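This report looks at how one strand is placed among its neighbours and then turns to the nonpolar interior.

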Amino acid sequence: MKTITIIGSINLDRTIRVKQMPKPGETMHTKEIFSAGGGKGANQAVAAQRSAAKTNFIGAVGDDDAGKAMLELLTQEKIDLTGVTTLKNQSTGQAYVVVDDAGENQIMIHAGANMAFTPAYVAEQANLIKASDFVIAQFESAVDSTTTAFKIARQAGVKTILNPAPAMVKVPADLLAVTDMIIPNETETETLTEIKITDEASMLKAAADLHQLGIAAVIITIGSKGAFYDVAGQHGIIPAFKVNAVDTTSAGDTFIGAMSSQLEPDFSNLATAIRYGNRASSLAVQRFGAQPSIPYKSELIEEDK
């Protein structure tokens, strides 16, 4: 069993389903509205936990009803919340998600407490980090807190995985210097490297640039085409499973959490782990909501029979 510590965002998602995306100034009726657990960090933690990893979380919620609801949801998932603090006079992160009948989405985020927990607080959770196989982070929470977590992990020999989303134009060099694996999508890759992703050759070039920064392993997620990887002189594309997507909100997070639950710390089984992550993501996009859509390991085993 892998031990994974996630540092990142916890959001309450409010999802609106529509037939098609509204145009500027347009008013339309919705098909459905519902609330569910979300936040890239929390989604990745749920995906890892549901694939049988021992999962810890470092982050924050506000002292409001949304925070209480999210802590209850994550507790039900049996995620270790020792590293989650409740901040007074802060609102819990919230996301407003619009999903159309084609499965495409638009997401607006209010970060709230996700941007308010400090590097000093992260340092207090050093024992959680040091006891992990992987530490995973994204850009929906304070980047200086993520850098502190990754530096602690590097000193302890714990592998770090960075999902640079939402895209950040200038990622701090000291964070990249302590990143072992990076997992951007095509747009995020272009933001990081200024290389437009059009084919495998461009992905190889972008990966080479990222390796130059000291990052050992690169995965570029390419939507319905699957995922490209480049590590230790080996590279390739693991195809996605062909399904009818209805909501892609947590596809990438599901992939990362599920994939990391199977990954060996030396990345020796990367292709196999990616295939498992692709399978998890293919199930998630066939369901609505972020965390409600994330599959359990038992479902993935059943799919492979």
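In this predicted model, strand S1 (residues 3-7) and strand S4 (residues 54-62) pair in the parallel sense, with five bridges between them. Within that pairing, threonine 3 lies opposite lysine 54 of S4. S1 also runs parallel to strand S8 (residues 134-137), to which four bridges join it, and here threonine 5 stands opposite valine 135 of S8. The two pairings are set out below.

| Strand paired with S1 | Sense | Bridges | Residues standing opposite |
|---|---|---|---|
| S4 (residues 54-62) | parallel | five bridges | threonine 3 and lysine 54 |
| S8 (residues 134-137) | parallel | four bridges | threonine 5 and valine 135 |

How many of the five residues of S1 are buried? Five of the five are buried, and the strand is accordingly described as mostly covered. The cover extends to both faces, with Thr3, Thr5 and Ile7 buried on one side and Ile4 and Ile6 buried on the other.

Turning to the interior, the largest nonpolar core holds 38 residues, of which Phe57, Met181, Ile219, Met259, Leu263, Leu270 and Ile274 touch the most other members. Helix H1 (residues 40-50) gives the most to this core, contributing five residues. A second core, separate from this one, comprises 36 residues and includes Ile58, Ala113, Val158 and Met203.

Which residues does leucine 263 contact once its neighbours within four places in sequence are left aside? Leucine 263 is then in contact with Lys2, Phe134, Ile161, Met181, Asn269, Leu270 and Ala273. Of these partners, Met181 and Leu270 are also listed, together with Leu263 itself, among the residues that touch the most other members of the largest core.

Conventions
Residues are numbered from 1 along each chain as its sequence is written. This is a predicted model: local features need pLDDT of at least 70, side-chain atom pairs count only at pLDDT 80 or more; totals for chains, interfaces and linings use all residues. Side-chain values use heavy atoms; hydrogens and water are left out. A nonpolar core is a set of buried Ala, Val, Leu, Ile, Met, Phe, Trp, Tyr and Cys residues joined through side-chain atoms within 4.5 Å. Buried means under 20% relative accessible area, exposed over 50%, partly exposed in between (1.4 Å probe, protein chains only). Helices (H or I, at least four residues) and strands (E, at least two) are DSSP runs, numbered from the N terminus. Contact means heavy atoms within 4.5 Å. Two strands pair if DSSP finds at least two bridges between them.
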